[in-house]
Amino acid sequence: SEGRDMDVIEIDGASNRGIDEVRTIRENVKYLPSRSRYKIYIIDEVHMLTREAFNALLKTLEEPPSHVKFFFATTAPHKLPETVQSRCQRFDFRNIGMADIVKRLAQIARQEKIDIEEEALRAIARYAKGGLRDSQSLLDQLSAFSDGKITLGVVQNLLGTVSEEKVEALADSLTRKDAPAALKIVHEVLEQGRDWGVFIDQIVWYLRDLMVTSACGYDSNLLENPWRERELLEKKGLSQETLMYMISVLSEVKRRARDDLQERILLEMAVVKLARMEDLRPLGDILKRLEELEGRLSVGRFEGAVKESVPEPQITSKDPEKAPPADVQEVWAKILFQLKEKRPPTWSRLKEGRLLHLGKEEMVVEFPKGRPFSKRSLEGNAEERQLVEECVEAVVGWRPSLRLVLSADSKTGDTGPSASREAGSDPLKVWTNKALEIFGGKEEEG
């Protein structure tokens, strides 16, 4: 308990990482403990040992003397060889919650008769980031330097942190897109000699609480600072995407800064950038809005085309040489597109044919003479025919019955790539032309 037991040997793995140091350990484990039941070896940051050192230690770990116990401590267990990990019992330690740290610090303060504000205890706990030992060291320093009561201001002066009001004011400036006000706050904080890195951490954690509140609500028990007022966190109205982007930008500033001048400039650039940006929206929402807009444009164009181009007199197989109007082929392309989305196998058979006629009562699709299989397959499957009719109804607004015919001349019904392009029924070509028309573009080779 006092750290002076001869049988407890603590070794720094970072500075004693070579094979020679491990060989010394292997020699010393032979000797029995002087007074204790076991001889204890504690190797801190054990992942720093070299591969050769681990190999030399492995034999001892496989067959350790009964009077020896090894304790390995590391912050990077994944760097330990599997052969070593498999011979150890693993215990994972976690950070301690802020509420528990505050409770423990308050208990120590009562025992040591330290007069300290509760807000000061919370500030210490936040700064310690889950480390109870660090928070106790800070409390010890504050009690030594303070003549009277330890206030929140005393803690902020020692730690270089800024008040919550300053952090909230900066977040409000960014929300209002007030770049001058945000820069003024940054200037005031840095002129007071506050730690810029701690300041960024405070902003990031505040934005993180805003994001959690936006995603899970204030009562989710996930806030980094659960004492923040609900109203301050719920009123910002920033999207989760915006908050995540702001956190990313500020974190990158802290990572890139190398000196005092660069720190200030990068922070000011980030603040102006965040104050001037528009609120971000999920990509899915943007795509959905684009699809709705495209749908409205397409429906308007197709409805007009169908009303103007679809003739009431039916064009039957008796007149196979007469092709349907071009705009009707656009309707055909959209029907095929819908069918491909719903059932690709049915689409692959129907696209072998071409739309010969589309009327109120009947829709005629002609298949080439040399490919009767697709026609027979669709004719013999009532479910597939019904699906095709549903796709037609979704495009044009009425539901004609489907009739399939076979071309008397294989050339007339040819649906190969060349013929499809000539007839205007190639879906890809139709949609390409439509896109070029909407956006005012032109097709180029290559």
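Good morning. The structure holds 0 disulfides, a disulfide being a pair of cysteine sulfur atoms within 2.5 Å. Two cysteines may serve as illustrations. C391 counts as buried because its relative accessibility is 0%, whereas C88, at 32%, counts as partly exposed. Here buried means under 20% relative accessible area, exposed means over 50%, and partly exposed lies in between, with a 1.4 Å probe and protein chains only.

I should state at once that this is a predicted model, in which local features need pLDDT of at least 70 and side-chain atom pairs count only at pLDDT 80 or more, while totals for chains, interfaces and linings use all residues. Residues are numbered from 1 along each chain as its sequence is written, and side-chain values use heavy atoms, with hydrogens and water left out.

Let us take the chain as a whole. The chain contains 20 helices and 6 strands; these are DSSP runs numbered from the N terminus, helices being H or I of at least four residues and strands E of at least two. Of the 446 residues in the chain, 41% are buried. Among contacts between residues at least 6 apart in sequence, 70% join residues at least 24 apart, where contact means heavy atoms within 4.5 Å.

I turn now to the sheet. Strands of a sheet pair through backbone hydrogen bonds, either parallel or antiparallel. In this model, an open sheet of 3 strands follows the order β4-β5-β6, with mixed pairing; two strands pair if DSSP finds at least two bridges between them. β4 (354–358) and β6 (401–406) stand at the edges with a single partner strand each, so one side of each has no neighbour in the sheet. From one strand to the next, the twist averages 25°. Strand β5 (residues 362–367) runs parallel to β6 and is joined to it by 6 bridges. V365 stands opposite L404 in β6.

Which helices lie across these strands? Helix α17 (residues 372–379) lies across β5 and β6, at about 150° to β6. Helix α18 (residues 382–396) lies across β4, β5 and β6, at about 115° to β6. Axes are lines fitted to C-alpha atoms, for helices over the stretch in contact, and angles run from 0 to 180 degrees between N-to-C directions.

Finally, consider a pair of helices. The axes of α8 (residues 164–175) and α10 (residues 196–216) come within 10 Å and cross at roughly 65°. On the α8 side, E164, V167, E168, L170 and A171 meet F199, Q202, I203 and Y206 of α10. Thank you.
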